[in-house]
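Biologist: I'd like to learn how to read helix packing in a model. Could you walk me through it?

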Amino acid sequence: MSTPVRSKPKLRLVLHDPAATGSLLGRVVAVAIGIALGAAFLALQPNVGSSLFSASWSSTLGSALGISQLTQLATPLILAGCAVAVAARVGLWNIGVDGQLILGAWAATAVGFYAPDAIPGAPLVVLMMLAALLGGALWMVVPALAYAYARVNVVVTTLMLNFVAYLWLAYWITGPWSDPSYASLGLSSQPVPDRASLPHFTVGSIEIGVAFLVAVAVAVLLWAVFRFTHHGFRTAMAGADEQVASYGGVNVGRLHLQALLASGAIGGLVGVIVELDRVHRFSSSLSDNTGYLGIVVAALAAHSFAGATLMGFLIAILSATGGALSISGVSSSVVLLLIGILLLMGAFADVPARYRLLRAGAEEPQE
């Protein structure tokens, strides 16, 4: 009597909707692969040797000074990434963080210039931050209302307002607030009062600014709001399917307005943080494509606020590495290519997270 041959169980891939943690984990793995590919490409460059890799390491994570600089570089990127992520949670893209940054810094500078001298430093900083939040939110009013009532594309309106903000900046730093003595270093206003600055403190030998703590606090606060409140639940519903959310009693239009105004307010906060932590003036150097890098941060983070903190550090490391490379004669386009590799890997990050491997005959998971 012959023994029946047992066939091996077959496996199949099943498409499903990944959890947020799975999506973020997929991006982290994809970014790690992208970094490895970028390092391999970098090693092929003619001007890159082991000494340059050592110098890049010591200028970033390999020294206390490097870590201190990374926290300063990452601060505006974390906030910009959070600003973009807030709008992206409801399916909208805020491309105008640079414009909101400028208007937030302008509002904060006005408070710094015209506030009475009797106001001490700490309350003045708080007032300037509140003014920046308001300025960024007001700069978002037109795109928010245009989308809510006429479905005008938010990408177009926020992007176009960036150019208007640049002209607004140019008027004030060449006119009412100009500082001729600073012209050799770039167009800028007069300095804000000395008492309006964000202090730094040291942990061991690492210097950390209060600005960095503010950025992390904003990310944590946004995570808590979207994770544990009814507003966060309604936002998740609207971001997943507007029709289902509307049938469930969610006012989707109001959520769109709230998300865009909050996104603009955080964008404005970026401006005052950079001004009080580094520039101390209303200046053309407030933004080094911070808003556009914030889009990269939010995209790589899968619109996660915790992920925005991590990816903000990653882009800061690339920026610092780019400085070391440019000093050694390597083209800055190499760094742009590295960022492009990371974006490409991030674009494919969700693919493995959207499939599960099941045995033939097994029930598919209920989503």
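Biologist: At what angle do helix α8 and helix α11 pack, and how far apart are their axes?

Modeller: Bear in mind that this is a predicted model. Helix α8 spans residues 210-228 and helix α11 spans residues 252-279. They pack at an angle of about 165 degrees, and their axes lie 10 Å apart. Angles over 145 degrees count as roughly antiparallel, so α8 is roughly antiparallel to α11. The crossing of the two helices is right-handed.

Biologist: Which residues of α8 and α11 make the contact?

Modeller: From α8 come A211, V214, V218 and L222, and α11 supplies I266, L269, I273 and D277. Sorted by character, the residues of this contact are seven nonpolar, no polar and one charged.

Biologist: Now for burial. How many residues of helix α12 are buried?

Modeller: Buried means under 20% relative accessible area. In α12, residues 290-300, nine of the eleven residues are buried, making the helix mostly covered. Among them are T290, G291, L293 and G294, as well as the run I295, V296, V297 and A298. Just after α12, A302 has a positive phi of about 55 degrees.

Biologist: And the chain overall: how many helices and strands does the protein chain have?

Modeller: There are 15 helices and six strands. Of the 367 residues, 46% count as buried. The chain exposes about 18,500 Å², with 67% of that supplied by carbon and sulfur atoms. As for contacts with a separation of 6 or more, 78% are between residues 24 or more positions apart.

Terms used. Residues are numbered from 1 along each chain as its sequence is written. This is a predicted model: local features need pLDDT of at least 70, side-chain atom pairs count only at pLDDT 80 or more; totals for chains, interfaces and linings use all residues. Side-chain values use heavy atoms; hydrogens and water are left out. Axes are lines fitted to C-alpha atoms, for helices over the stretch in contact, and angles run from 0 to 180 degrees between N-to-C directions. Helices (H or I, at least four residues) and strands (E, at least two) are DSSP runs, numbered from the N terminus. Angles under 35 degrees count as roughly parallel, over 145 as roughly antiparallel, 65 to 115 as roughly perpendicular and the rest as oblique. A crossing is left-handed if the near helix is turned anticlockwise from the far one by less than a right angle, and right-handed if clockwise. Contact means heavy atoms within 4.5 Å. Ala, Val, Leu, Ile, Met, Phe, Trp, Tyr, Cys and Pro count as nonpolar, Asp, Glu, Lys and Arg as charged, and the others, Gly among them, as polar. Buried means under 20% relative accessible area, exposed over 50%, partly exposed in between (1.4 Å probe, protein chains only). Accessible areas come from the Shrake-Rupley method with a 1.4 Å probe; for residues, only the protein chains shown count as cover.
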